[in-house]
Structure formats: C-alpha cells, structure tokens
Amino acid sequence: MSRKRTLLLLLTSLLFVSLACSVIGGDGDEAVVEEAAPATESPVESDVEDEDAAAPIEDEAEAEDESVAEDDAEEAGQLGEDDVPPPTPEATATAVDSPSWWQPAPGTSWQWQINGAEIDTSVDVDMYDIDLYEVPQATIDQLHADGRIVICYFSAGSWEEWRPDADQFPPDLIGDPLEDWEGENWLDTRQLDALAPIMAARLDLAARKGCDGVEPDNVDGYDNETGFPLTYQDQITYNIWLSEQAHQRGLSIGLKNDLAQIPDLLPYFDWALSEECFYYDECEPLTAFVQAQKAVFGVEYELMIDEFCPQTNAMNFDFLKKNWELDAWREACR
C-alpha cells in the first residue's frame, strides 16, 4: 500500500510541472510580440510627424528675427536706402575743430617782404609773407619747393590806385586818404554787397596762385578817420566775413593790428600780425593769441632790437626789426 501511494504522488507532481511549463511558455511568447509591436511603425509617418513638429519652431524663429530687424530699423531712425546714418554732433564738431588750413603755433619763424624788386628766397624760415599781386608765380613755386609757407598780402580796407582791379571799386566806396600813404584811400566796409565781389576775387586769386594764407591789411577802419561813420560792429561783421571767405578757400588768415577787437575776433583768425605794439605800449591784448596756441608775428620799426626783443621772447611772440620799406632786410628776435 505504501509503494502505490508513493508512485501516485510522483505522477501527480510531474503533471503539475508539465502544466506549469505550458502556461509559462505561452505567456512569454505573447510578451515578446507586444514589446516588438512599436518597432513596426512606418518610418515615413515618423518623418512627417517630426517635420510637422519642427515647422512651428522655425516659423516662430523667423517671426522673431523679422521683429528684431523691424525694431532695429525703427531705432536707427529709418536710415534710408543706403543705411548711412547722419553725422553725429560730435563728428561734426571734430571736423570743424580740425581745419585743413595752416595754423601756426608760437615759435614759427618768418620773413616779411612786400616791397623790393625781387624777393630774397634765401632766408631760412618757416613762413614768407609777400605781396599777392607783385610777386610772380615762379617765386611762390620756389618758396614752396624750399618748404616754405606762403602768405599773400593785400589790403582789404583801402583802395590802392595802382592795383589792377582799382577801377572795379564804385566811387561811393572810396573815402578819405590814408595818412602818409599816397594814392591810398579808406573803403566803406559797410557796403558789403558792393565790396564782397571784389574781395572775393582777390581771395580767389590767392587760392589760384597757391598761397597758403592771406594777410588782409587795414581791417581797423572803424578806429580811423575814414570819411564814413563806421562802427565797432561794422568792422566785426566785415572782418568775420573775410575770415569765413578765406577758410572756405582753405586759406589761413591773420588779424592785422585791430588790437581792440581781439576778444571778439580771436576764434575766427589763425594768427596775429602787429606793427609797433611795443613802441605804442599796446601789446597786452595779443597774449590771447598765444594762450590759444596761435602765433603772434610782429615788427618794430623805430626801436632798437635790444629794446623790445627780450620782452617779445618772454611773451612768446615772434618779432622782427624791419625798416619802413619792408624790403628783404630783417633782424629776428629769435
């Protein structure tokens, strides 16, 4: 009885094992199929979905770029076809503060010869001041070849009967004669409409001849007996006009004498030229030019060189001892 029971228990155990294996094997195959199913999706459908998903992102980026570009254009003030911005005030100021014409500093050596049959070009100086009309073009060219600056003298406040354009001055412009200068009369500088074309032609001649600047003489008529009721403001207006016209042509311009108007004219003139300020004890106003780093040229006719050179050198002026004829002879203070 015992051996039969043992055999029966053994068979029962085998049956349960067989059933268990059958169940486990069927469940495993189904699991493999379910896990592999996602891999059967179409690659084409996947790409389409990716493109559709990316399109909104790209559209948003393009819209953002266009918006930024529009904002930049508005901030730039709608720059126009060439997208070139207008010059800033700072750039304009820099251009004005850096002119192209000659601007001598104190310590510039010079020679002044506006009379004499022939210009002596052998003087070793930085600048020559010579007559606009009487000096031939070849002399100006030679001075330039020698490395000299050439300043051209003409009278802006007087009529000179020997000048080639003397007949262009209307009679009502011509006033009283200059004392001690025969054949020369003061001009009515208030009549700028009539005077301007004549003086502009002289400045044009200076530019054509290659002058680096001009020395307009007799620009203090308001302080002299001219035959006209010239006022301080009349002279200021005329002198500023001369300066602006010279600069428009690229010409340097000096203020000749006219010491009382230096405070008003200093910004418009590039250097000063004084006659006998030490003889008349009136040099102090000229120090404003030196303080502005602008040269002060000057001459004394009557004083001996040791009577004025120590003072001019101390004041950083560039003075000469000259004779009244203003020929080639000179003695320099430094």
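Which residue does a disulfide join to Cys 152? To find out, select Cys 152 in the viewer and follow its sulfur atom to Cys 211, the partner in this disulfide, with an S to S distance of 2.0 Å. The structure on display is a predicted model. This tour visits its disulfides, of which a search of the whole structure finds three. A disulfide is a covalent bond between the sulfur atoms of two cysteines.

**First stop: Cys 152 and Cys 211**

Keep both residues selected and display the chain around them. The disulfide of Cys 152 and Cys 211 links distant parts of the chain, 59 residues apart. Cys 152 belongs to strand β3, which covers residues 149–155. Cys 211 is found in the loop between α5 (192–208) and β7 (213–217). Next, examine the bond itself: the torsion about the S-S bond of Cys 152 and Cys 211 is about -80°, and therefore the disulfide is left-handed. Is Cys 152 buried or exposed? With a relative accessible area of 0%, Cys 152 is buried. Cys 211 also counts as buried, at 6% relative accessibility.

**Second stop: Cys 277 and Cys 283**

Now select Cys 277 and Cys 283. A disulfide joins these two residues, with an S to S distance of 1.9 Å. Is the disulfide of Cys 277 and Cys 283 left-handed or right-handed? The torsion about its S-S bond is about 95°, so this disulfide is right-handed. If the viewer can show accessible surface, apply it to each partner in turn. Cys 277 is buried, its relative accessible area being 0%, and Cys 283 counts as buried at 7% relative accessibility.

**Third stop: Cys 309 and Cys 333**

Finally, select Cys 309 and Cys 333, whose sulfur atoms lie 1.9 Å apart in a disulfide. Which parts of the chain does this pair tie together? Cys 309 lies in helix α9 (residues 305–314), while Cys 333 lies in the segment after β12 (331–332), so the disulfide connects parts that are 24 residues apart in sequence. The link of Cys 309 and Cys 333 is left-handed, with -75° about the S-S bond. Cys 309 has a relative accessible area of 7% and is buried. For Cys 333 the relative accessibility is 13%, and this residue counts as buried because the limit is under 20%.

**Looking back along the chain**

To close the tour, select the bonded cysteines together and trace them in sequence order. How are they paired when numbered in that order? The pairing is 1-2, 3-4, 5-6.

Definitions and conventions
Residues are numbered from 1 along each chain as its sequence is written. This is a predicted model: local features need pLDDT of at least 70, side-chain atom pairs count only at pLDDT 80 or more; totals for chains, interfaces and linings use all residues. Side-chain values use heavy atoms; hydrogens and water are left out. A disulfide is a pair of cysteine sulfur atoms within 2.5 Å. Helices (H or I, at least four residues) and strands (E, at least two) are DSSP runs, numbered from the N terminus. Buried means under 20% relative accessible area, exposed over 50%, partly exposed in between (1.4 Å probe, protein chains only).
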